[in-house]
Amino acid sequence: MEHGKARIDTKLVHAGEPEPRIAGAVAMPVFQSTLYELREKPGAPLGYHDIPYIRLNNTPNHAALHAKLAVLENAEAALVTASGMAAISTSLLTVLATGDHLLVQDSLYGGTHDFVTQDLPAFGITYDFIDADDPASWEGLLRERTRAIYVEAMTNPLLHVADLAAVPRFARAHNLVSLIDNTFASPVNFRPPEHGFDLSLHSATKYLNGHSDIVAGAVIGRGDLVEAVRHKLNHLGGSLDPHACFLLHRGLKTLGLRVRQQNASALRIARFLESAPGIERVNYPGLESHLRHVRARELFEGFGGVLSFTLAGGSEAAARFIERTTLPVRTVSLGGVETLITRPALTSHAGMAAADRQRLGIVDGLIRLAVGIEDGDDLLEDIARALQG
Ligand SMILES: *Cc1c(COP(=O)(O)O)cnc(C)c1O
């Protein structure tokens, strides 16, 4: 069977696996070697990027992952990186040069926000924030040297879903590169290249690996662009170590099982919270009450494992609630097998001015839940108990 035509769970297991299997190994072995003998045409000159060397992202572990990830999103090519931020920063530095201008969604992942606002200006690259929900407002922000438009599949922690379908259309009309951070959706729920995005970026630290035990990233999309990002990554050096490649490869095989369980539990928890007394508001794209639920249903196959909510009692009630839960681990991040709980105002968004947080709706009492793969009944019971106390 050609794996490119299979359904995603089959692709996760079989796509990109070496053929024939290496020494018959059923699982992809780790190639813990920085160097490879120059066997083909010894004595013939090799281009720098073709020298078989770990930093140049061309070991057998890299190659297998690249093939698997590209097939997952039905894209031409893929590249793994040493972190999600390496994927994001290297991609932006590939498509932008001094004098260029970027249109970027106004509520970004913190690391991306800081890279765009603090580091890109040092390279002479300018940017404008866009209301990604309002495509009519984008054209007025275009400049002669606007080169790219950058959005996120869902925003953190309020789970807004922008007008994602409009982004590749706008990019094509104005000759821009379209980029999307697809971490929150994962390829199970959303495959941006199918919607015309040029580059889909991931923190593979989250759902793709799924076990909270490595940091990694991925760039998936158009072949020429992925190749250009690979060359930049070869220079900047944010390459993924083979052992981390091995773990990511192993984690990926269960992505479908994990994400569907997380989708299902998150939806049940969101529905339960929405109807529970003492809850002020629940943010989850799978709820009919979500502002962009219809759009989310059109775009996504599932709504992901992250939801956020506020209790009527404000931050004191939030602190009490978190205190009373027993299953969720109190920390940041998402996409692992264990459920995590955090208050963004005190963690991921603590560095933001209180007034800015308030304006965005990230109030002190907001609780973010990143649902894991525990039994959904156990999670619901734990949450219900914590609410009652
Ligand atoms: C975690 C995360 C990143 C950064 O990824 P790292 O692997 O920590 O470098 C980028 N975007 C989103 C949406 C994230 O959640």
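Four bridges join strand S9 (306-311) to strand S12 (residues 367-370), and the two strands run antiparallel; strands here are DSSP runs of E with at least two residues, helices are DSSP runs of H or I with at least four residues, and both are numbered from the N terminus. Two strands are said to pair if DSSP finds at least two bridges between them. The model is predicted, so that local features need pLDDT of at least 70 and side-chain atom pairs count only at pLDDT 80 or more, while totals for chains, interfaces and linings use all residues. Residues are numbered from 1 along each chain as its sequence is written, and side-chain values use heavy atoms, with hydrogens and water left out.

**The sheet around S9**

Across the pairing of S9 with S12, Phe-309 stands opposite Ile-367 in S12. S9 also pairs with S8 in the antiparallel sense, over four bridges, and here Asn-283 has Ser-308 in S9 as its bridge partner. These strands belong to an open sheet of five strands in the order S8-S9-S12-S11-S10, with mixed pairing. Its edge strands, each of which pairs on one side only, are strand S8 (279-283) and strand S10 (329-330). Strand S11 (residues 340-342) and S12 pair in the antiparallel sense over three bridges, and the bridge partner of Thr-342 in S12 is Arg-368. Helix H9 (residues 255-275) packs on the sheet, where it touches S8, S9 and S12, and its direction makes about 15° with that of S9.

Six of the six residues of S9 are buried, so this strand is largely enclosed by the rest of the structure; buried means under 20% relative accessible area, exposed means over 50%, and partly exposed lies in between, with a 1.4 Å probe and protein chains only. In a regular strand the side chains alternate between the two faces of the sheet. In S9, Val-306, Ser-308 and Thr-310 point one way and Leu-307, Phe-309 and Leu-311 the other way, and all are buried.

Strand S1 (residues 77-81) is mostly covered, with five of its five residues buried. Ala-77, Leu-79 and Thr-81 lie on one side of S1, and Ala-78 and Val-80 lie on the other. Five bridges join S1 to strand S7 (residues 217-221), and these two strands run antiparallel; Leu-79 stands opposite Val-219 in S7.

**Helices with a buried face**

An α-helix has 3.6 residues a turn, so residues three or four places apart point the same way. In helix H11 (residues 314-324), the buried residues are Ala-317, Ala-318, Phe-321 and Ile-322. They cover an arc of only 135° around the axis, which puts them on the same side of H11; the arc is that of the directions from the helix axis to the C-beta atoms. The face of H11 turned away from this buried side carries the exposed residues Glu-316 and Glu-323. The buried residues of H11 pack against S9, S10, S11, S12 and helix H13 (376-388), where contact means heavy atoms within 4.5 Å.

In helix H4 (residues 110-119), the buried residues are Thr-112, Phe-115 and Val-116. Seen down the axis of H4, they fall within an arc of 90°, so they line one face of the helix. They pack against helix H3 (84-95), strand S2 (101-105), strand S3 (126-130) and strand S4 (146-152). Asp-114 is also found in H4, and this residue is partly exposed, with a relative accessible area of 36%.

**Two packed helices**

Helix H2 (residues 60-72) and helix H8 (residues 242-252) pack at an angle of about 35°, with their axes 9 Å apart; axes are lines fitted to C-alpha atoms, for helices over the stretch in contact, and angles run from 0 to 180 degrees between N-to-C directions. Among the residues that meet are Leu-65 and Leu-69 in H2 and Leu-248 and Leu-252 in H8.

**Backbone exceptions**

Most residues other than glycine have a negative phi, and most peptide bonds are trans. The table gathers four places of another kind.

| Place | Backbone feature |
|---|---|
| Glu-19 to Pro-20 | cis, omega near -5° |
| Asn-156 to Pro-157 | cis, omega near 5° |
| Ser-186 | positive phi, near 70° |
| Ser-333 | positive phi, about 80° |

Ser-186 is found in helix H6 (residues 186-189) and counts as buried at 0% relative accessibility, whereas Ser-333, in the loop between S10 and S11, counts as partly exposed at 26%.
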